[in-house]
Amino acid sequence: MATNTTGSSSSRTLTARQRDIVRILVRTARNPIPVGAISEKLGVSSRTVLRELPAIERWLNENDFTFIRKPGVGLTIDEDPESVELLKELLGIGQNHADYSQKERRRQILGELLFVREPVKSYVFLSRFHISEGTLSKDLDALEEWLCAFQIRILRRPGVGILLQGTEASYRQAIANAALEFVDNGEILKLLRGNAREETPSESQLMKNRLFSFIDAQIITFVEQILADTEKELDIKYTDSGYMALIVHLSLSIQRLRSGEKIEMDPAELKNLSELPEYTVAEKIAEKTGQQFGLTIPADEIGFITMHLSSARIWPQTRRMRSQLQSINTRQVAMSIVESVEQELHLPFHTCSRMIEELTSHMDSMISRLSMNIQLDNSQGDVIRQKYPDIYEAVAHACGLFRDKLYIEDISSSEITFVAMHFAAAAETLRREQKRIAVAVVCPSGMGASRMLAANLIRSLQNIEIRQIMSAFSLEPEKLTESGIDLVISTVPLEIDFPYVCVSPIPQTQDMLIIEQALEAISTRRVRDLRQEPKSPVSELELSLDDICSLTRTGEEISWLLHSFQIRELSGIRQTETLLGQAAGVFADSILSRQIISQDLARRESIKHTFIPELNLHLLHCRTTAVPHCRCAYLRLDTPFTVPDGTVKGAILLLAPQSDQNECVEVISQISMLLVEDKRFLQALQSGDVHEGRVLAERTLVKYYQNLILKRKGDGTL
């Protein structure tokens with residue numbers, strides 16, 4: 001059946017004529033019918049039928065029905081009798097029952113599963129949404145990938161039903177994030193406070209309210225008052241998005257505490273949280289909550305509140321209460337990112353002190369959010385990527401470089417967009433300043449005609465900055481240069497070795513043309529000078545000791561990887577779990593090391609499946625304490641096995657030691673890239689040609705090493 005990709009239309013979007021065309025196709029299912037025959041039955045032209053087909057095809061694809069158009073043969077819906085009956089039902093109920101897009105349907109399924117503690121039968125969803133079992137399976141696969149970020153699994157037991165499995169903390173994270181992700185900030189308070197004026201809320205409104213069913217009016221009013229009190233008492237200010245997130249998270253905590261569902265936190269993590277300044281705020285909130293609702297708030301709950309306060313607040317700079325070391329570290333990371341972006345875009349971001357302070361504050365909150373797996377949506381992502389693609393790419397690259405310094409595994413595109421917005425605003429200012437040409441306006445006295453000329457120039461020209469208004473008798477080229485003046489505009493002729501033009505105090509058309517030509521010449525020269533700016537000479541020996549050590553480690557890891565390179569034949573593998581178990585033993589030197597590798601591979605697989613359908617292989621990789629150096633092997637299966645996304649023919653195994661050094665990860669990454677960039681490598685692996693595979697890997701790694709040396713010296717780039 002066709003895969004649902006649009007998620008934007010539904011059966012109610014079909015016009016009456018489109019429905020009539022689909023009904024004709026249903027009656028002749030699996031038997032092509034010419035367009036001319038359809039036009040005859042409907043009494044319209046063939047061109048009219050053809051105009052309706054794109055909308056019909058989108059609707060059928062969304063609802064997972066296979067629509068085939070064969071030129072010269074006709075149109076057909078290629079489905080089995082059961083699916084045809086379902087299509088008939090959809091056409092029959094379109095005006096009497098709610099229709100759901102793919103996105104809305106999945107939201108409803110998620111909301112249902114998050115709020116039950118017993119299995120839900122599949123037929124509940126099948127009958128409610130009028131979908132097939134295949135469509136439900138795809139929906140659950142997509143939801144499982146989303147829930148994976150919160151360590152929640154979807155259990156599917158034939159004959160029993162569908163149930164989520166996770167901790168109380170993971171449930172709270174998922175519920176709150178679902179609510180925040182699926183509803184715009186502007187709608188949250190409206191939904192939380194109810195819609196008294198809406199007598200018959202829409203299905204979409206009911207779906208959204210389902211995600212907020214854990215909150216009542218008394219709780220939301222109380223939480224808002226708490227947040228207002230803490231802002232006033234502690235001289236803090238929450239971000240808009242952070243404020244909404246806190247309302248949802250705190251309200252959820254209160255409601256589930258009242259229901260007797262308590263959270264448990266690792267003692268070490270709780271101790272770390274107790275040292276944050278937000279912990280004091282959390283204690284105040286817990287105290288007031290206990291008094292208001294007659295609850296005893298345990299320390300674990302205070303820690304949970306602290307987590308969300310830490311990710312949502314903005315502390316005034318004069319009142320920062322974090323340890324000096326933590327503040328310095330955050331600023332160092334921010335400055336590293338500024339330096340990286342500056343080098344790529346050739347804009348002096350280091351001069352934007354306000355931007356740096358705001359970026360440091362933002363990253364402080366961002367690090368807290370990501371360390372706690374709190375995801376914030378950013379609706380400006382597409383706008384930023386389209387309007388500032390160079391800035392977004394530079395920021396993404398910088399964040400990738402300093403990911404390890406942030407102690408997080410990945411940085412989402414939403415978070416990258418937030419950082420890019422800081423740079424975009426600063427870049428606009430810098431580029432405006434760079435485009436503006438500094439001018440000195442001159443007349444004999446520096447008081448009369450020059451002032452009149454300056455006023456006219458300001459009104460007529462946007463790309464100049466009048467830095468000085470002065471007398472012709474006080475002009476000194478050296479001082480003009482020191483002041484950054486690009487051009488002198490005078491009301492009298494001058495004898496001076498400096499760029500200048502002479503115009504009327506009230507410039508006429510010819511005067512303005514002269515000025516604009518001079519400004520254009522200066523702008524052109526700036527661009528030319530920037531392009532021709534010579535690179536700083538780098539001596540052959542300009543490598544630091546750190547560079548030498550890093551290059552040495554890289555060379556060693558390349559050598560270890562190539563020496564470990566092998567192709568291992570495996571038989572009897574029928575599922576991914578078995579493949580992981582066999583892979584763990586390839587480079588293990590003891591039972592314990594095999595267990596460690598197995599756990600590390602499984603942990604990586606649980607984050608996101610490593611199967612690559614286009615290559616028919618699993619890319620098994622992880623960092624592990626069980627190996628001292630890089631390891632690489634290809635696992636060749638004697639009999640392929642199938643997974644939901646395709647057929648597994650083999651797996652490439654890449655292991656890196658658990659280390660603070662990045663050289664190992666970079667070396668292994670070259671092998672991952674080689675799989676995509678050179679088809680011969682995968683062909684050699686699949687055919688069992690270990691010699692050819694090693695030769696291709698060696699060429700790639702040697703080239704990488706050579707480029708790395710050039711990059712360190714400043715003579716080239718990777």
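Three short exercises on a predicted model follow, each with a worked solution.

**Exercise 1. Describe the protein as a whole: its elements, burial, surface and contacts.**

Start with the elements: the protein has 29 helices and 15 strands. Next, take burial. Of its 718 residues, 46% count as buried. Then turn to the surface. The accessible surface of the protein is about 37100 Å², and carbon and sulfur atoms hold 50% of that. Finish with the contacts that have a separation of 6 or more: residues 24 or more positions apart make up 70% of them.

**Exercise 2. Work out the strand order of the open sheet of 4 strands, and find its edges.**

First, read the order: 8-7-9-10, with parallel pairing. Second, look for strands with a single partner. Strand 8 (464–471) and strand 10 (500–502) each have a single partner strand, so they stand at the edges and one side of each lacks a neighbour in the sheet. Third, add the twist, which averages 25° from one strand to the next. Fourth, inspect one pairing. Strand 7 (residues 437–443) and strand 9 (residues 487–490) run parallel and are joined by 4 bridges. Val439 has Leu487 in strand 9 as its bridge partner.

**Exercise 3. Decide whether Ser170 is buried or exposed, and trace its surroundings.**

Place the residue first: Ser170 sits in helix 8 (residues 168–182). Now apply the cut-off. Buried means under 20% relative accessible area. Ser170 has 6%, so Ser170 is buried. Next, follow its side chain, which reaches the backbone oxygen of Thr167 at 2.6 Å. Last, set aside the neighbours within four places in sequence. Ser170 is then in contact with Phe150, Gln151 and Ile152.

Key. Residues are numbered from 1 along each chain as its sequence is written. This is a predicted model: local features need pLDDT of at least 70, side-chain atom pairs count only at pLDDT 80 or more; totals for chains, interfaces and linings use all residues. Side-chain values use heavy atoms; hydrogens and water are left out. Two strands pair if DSSP finds at least two bridges between them. Helices (H or I, at least four residues) and strands (E, at least two) are DSSP runs, numbered from the N terminus. Axes are lines fitted to C-alpha atoms, for helices over the stretch in contact, and angles run from 0 to 180 degrees between N-to-C directions. Buried means under 20% relative accessible area, exposed over 50%, partly exposed in between (1.4 Å probe, protein chains only). Contact means heavy atoms within 4.5 Å. Accessible areas come from the Shrake-Rupley method with a 1.4 Å probe; for residues, only the protein chains shown count as cover. A polar contact is a pair of N or O atoms within 3.5 Å; within protein, one must be able to donate a hydrogen and the other to accept it, and residues adjacent in sequence count only if both atoms are side-chain atoms.
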